[in-house]
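Please look over the model below. The report that follows takes up helix packing, strand pairing and overall chain figures.

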Amino acid sequence: MRRIGYWMNDKKIKKLNFHIFIDLAWNAGIELVKIDLSEPIVEQGPFDAILHKFTDVVGYILTGDETAASYMRNIQEFQRVSPQTIFVDPLSSMIKLIDRYESYKAAKMSTAGQSGGLHISDNMIGTPPFVKLDSANIKYNMQLLNNAGVTFPIVCKPLVGHGLSDCHKMAIIFNETGLKDVGPPCVCQNFINHNAILFKAFVVGDNFFLGDRPSIKNLNLQDHSETIFFHSHEVSKLDSASHLNDVLDESSKQKPDIDRVENIVKSLRSQLGMALFGVDIIIDVHSGKHYIIDINAFPAYDGIPEFFTTLLSHLQDVTANTMSGRKPLTNGQVRLPGGDEKSLTPLLRAVDSSPCQPTRPVSRAPEIIKCSSVNQLLIEFLSESAVSNNNSEL
């Protein structure tokens, strides 16, 4: 019987009804074991693979949380002594999605056909213009927006995209005066009218499932001047009924081009080196162009009844591969996609000394975690190694 460790927070376990998957996997010859990060993972193994959402751990590391830092050391030690164990997904790949600016850059590269980009040339797929803002200076930020081709209205999102509830607090800004509501560091992208429909592609290995969700209604500059603050979970869930949503009859709903969605998924899978992720896609109401507006690691897979069976098939596939021929790792190293090794010591030292704390502005833009320096250290440390499309890692 294969043995797979798993870790995700209790809320996600409950939301997924994960106990059903545990029974399904057992009947298929896979024992799923919940990992306790407060205890040595090495003593809980051995594991053929680890299924996880460690982005939650990294999210708290960015706030200087010592418990989260100790969890990461535990993960590091396990990777050091058990390099043959497959991580679904590689931690280095998931970390890139924590920084929204980095994930948007990856999306832009994939749609431009770079580093394993689109399989066909298609100018009807893209990303909205975006820019990172690290300052509260309105004039300077206006210059950055202009240089990046970002035009009003804009959506302002926290730089940290995973792991904390504040990650989902956003704002729509309609003019230069509204830039006073920006709380750096954040990412701003063009708001594109899309008939209040968000399409979500849920990826599981080589398969994906497409669903739609309510979204923000069409907005015009002439009708708005004050910043609109919102929580993305309140406007884009299956049962959302926000005043920002719009009720459309079936005849006015746009239909996604399945071939284009498939190209988006294949390109991002190659670009990111991941197997479990979600892609948020909108369709421009005027041009019909498909835009990638967000990427999520190990999403909720809401409304996807085939998720468990497809996940089971993927785990069977990845654990069927052998991980032979790898040299032992030296103390303090982890193996990254492609077989490269890196020391985590600089990362953990920075975490230990990080003074970062959550910032909670009043009556301003989304609550922002002001830890861009640590976040950049995470990204720079892990992005030096190219993401591999090695099937043994995916």
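## Helices H2 and H10

H2 passes H10 in a right-handed crossing. This is a predicted model. The axes of H2 (residues 18-27) and H10 lie 10 Å apart, and the two helices pack at an angle of about 50 degrees. H2 is therefore oblique to H10. An angle counts as oblique when it falls outside the ranges under 35, 65 to 115 and over 145 degrees.

Which residues meet across this pair? From H2 come Phe18, Ile20, Phe21, Leu24 and Ala25. From H10 come Phe308, Thr309, Leu311, Leu312 and Leu315.

H10 also has strand neighbours. The helix spans residues 307-320 and lies across S10 (197-204), S11 and S13. Relative to S10, H10 runs at about 35 degrees.

## Helices H6 and H9

A second helix pair joins H6 (residues 100-111) and H9 (residues 258-272). Their axes come within 9 Å and cross at roughly 120 degrees. H6 is therefore oblique to H9. The contact draws on Ala106, Ala107, Met109, Ser110 and Thr111 of H6. On the H9 side it uses Ser267, Leu268, Gln271 and Leu272. The crossing of H6 and H9 is right-handed.

H6 also holds Ser103. Is Ser103 buried or exposed? Its relative accessibility is 1%, so Ser103 counts as buried; the cut-off for buried is under 20%. Leaving aside residues up to four places away in sequence, Ser103 touches Lys96, Leu97 and Ile295.

## The five-strand sheet

One open sheet has 5 strands and mixed pairing. Its order is S5-S14-S13-S10-S11. Which strands sit at the edges? They are S5 (125-126) and S11 (207-214), each pairing on one side only.

Within this sheet, S13 (residues 276-283) and S14 (residues 290-297) run antiparallel. They are joined by 7 bridges. One bridge sets Asp280 against Asp294 in S14. Ile295, a contact of Ser103, falls within the residue range of S14. S10, S11 and S13 of this sheet are the strands that H10 lies across.

## Strand S1 and its partners

S1 covers residues 2-7 and runs parallel to S2 (residues 30-34). The two strands share 5 bridges. Arg3 stands opposite Glu31 in S2.

S1 also pairs with S3 (residues 49-52). This pairing is parallel too, with 4 bridges. Which residue of S3 is the bridge partner of Tyr6? That residue is Leu51.

## The chain overall

The protein chain contains 12 helices and 16 strands. Of its 394 residues, 56% count as buried. The chain exposes about 16,800 Å². Carbon and sulfur atoms supply 48% of that area.

How do the contacts spread along the sequence? Take contacts between residues at least 6 apart in sequence. Of these, 74% join residues at least 24 apart.

## Recap

Both helix pairs cross in the right-handed sense: H2 with H10, and H6 with H9. H2 is oblique to H10, and H6 is oblique to H9. S1 pairs in parallel with S2 and with S3. S13 and S14 pair antiparallel within the open sheet of mixed pairing.

Conventions:
Residues numbered from 1 in each chain as written. Predicted model: local features only at pLDDT ≥ 70, side-chain atom pairs only at ≥ 80, totals over all residues. Heavy atoms only, no water. Pairing = 2+ DSSP bridges. Contact = heavy atoms within 4.5 Å. Axes fitted to C-alpha atoms, helices over the stretch in contact; angles between N-to-C directions. Buried < 20%, exposed > 50% of the residue type's maximum accessible area, 1.4 Å probe, protein only. Areas by Shrake-Rupley, 256 points an atom, 1.4 Å probe, with all protein chains shown as cover. Left-handed = near helix turned anticlockwise from the far one by under 90°.
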